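Biologist: I would like a close look at a single part of this model. Give me the setting, then the detail.

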Amino acid sequence: MASSSRLFLVVSGPPASGKSTLAPALAGELGLPPVAKDTIKDALMSLLPVPDVEASRQLGRAAVAAMLAVAAQSPSGAVIESNFHRSAAVANLRRCRLPGPVLEVFFRVDREVARRRHLTRAGSRHAGHFESTRTAEELSNDEVSHPVAGGGRSSRSTPRSLSTSQMSPASIAR
């Protein structure tokens, strides 16, 4: 597929906003491979020690770099899912030079809803995420609470539940 026909859909937003739930469904509907930071980070954590939150953050940054490199090599584009940190994400997205149009679906979520979702999933993921020790400020702050990709954007608030029918490719283009 020519690079001009590649599409890169960045799915971003704060932790527990619904990105990981809906990104694979969007990828399936768009016929694009999903590339998720936490999938890569979990693989790294299965082999490398994660003794503290700082080590987890370092692996997260490495996972983002790997995720963007993998996505850039996809012949069709990709759905790229992460809770990007704004101060690094804009530069990272420019540096990797995704070879096609970049659109962003940014998820917003009420801080209290995100906190409850985050606590609910604590213990269900790799311990190296340190979910039970994360503060409300880490879950919702200026670093993760704003879109990062530039270009076309679709911003969605995620209620208590959200279905893929509410996030169709046609609704993304609006």
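Biologist: What percentage of the 174 residues of the chain count as buried? Then take helix 1 closely: which of its residues are buried, and which are exposed on the other side?

Modeller: The model is predicted, so local features need pLDDT of at least 70 and side-chain atom pairs count only at pLDDT 80 or more, while totals for chains, interfaces and linings use all residues. Residues are numbered from 1 along each chain as its sequence is written, and side-chain values use heavy atoms, with hydrogens and water left out.

Your percentage is 43% of the 174 residues. Buried means under 20% relative accessible area, exposed over 50%, and partly exposed in between (1.4 Å probe, protein chains only). The chain exposes about 8700 Å², an area from the Shrake-Rupley method with a 1.4 Å probe, where for residues only the protein chains shown count as cover. Carbon and sulfur atoms supply 56% of that exposed area.

The chain has 7 helices and 5 strands. These are DSSP runs numbered from the N terminus: helices are H or I with at least four residues, strands E with at least two. Along the sequence the pattern reads β-α-β-α-α-β-α-β-α-α-β-α. Contact means heavy atoms within 4.5 Å. Take the contacts between residues at least 6 apart in sequence: 81% of them join residues at least 24 apart.

Now helix 1. It covers residues 19-30, 12 in number. From first C-alpha to last it reaches 16 Å, close to the 16 Å expected at 1.5 Å a residue. That expected span is 1.5 Å times one less than the number of residues. Its buried residues are Lys19, Leu22, Ala23, Leu26 and Ala27. They lie on the same side of helix 1, because they cover an arc of only 145° around the axis. The arc is that of the directions from the helix axis to the C-beta atoms. Thr21 and Gly28 are exposed on the other side.

What flanks the helix? Ala16 sits in the loop between strand 1 and helix 1. Its phi is positive, about 65°, although Ala16 is not a glycine. Ala16 is buried at 7% relative accessible area. Just after helix 1, Gly31 also has a positive phi, about 70°.

Next, the cores. A nonpolar core is a set of buried Ala, Val, Leu, Ile, Met, Phe, Trp, Tyr and Cys residues joined through side-chain atoms within 4.5 Å. The largest one has 17 residues, and Met67, Ile80, Phe84 and Leu98 touch the most other members. Strand 1 (7-12), helix 3, strand 3 and helix 4 (86-96) each give two or more residues to this core. Helix 3 gives the largest share, 6 residues. A second, separate core of 10 residues includes Leu9, Leu22, Leu26 and Val105. Leu22 and Leu26 were among the buried residues of helix 1. Leaving out residues up to four places away in sequence, Ile80 touches Leu9, Met67 and Leu98, among others.

Two loop residues elsewhere round this off. Ser74 lies between helix 3 (53-73) and strand 3 (77-81). It is buried, at 9% relative accessible area. Ser74 touches Arg6 and Pro33, not counting residues up to four places away in sequence. Arg97 lies in the loop between helix 4 and strand 4 (102-108). Arg97 has a positive phi of about 50° although it is not a glycine. At 68% relative accessibility, Arg97 is exposed, whereas Ala16 is buried.
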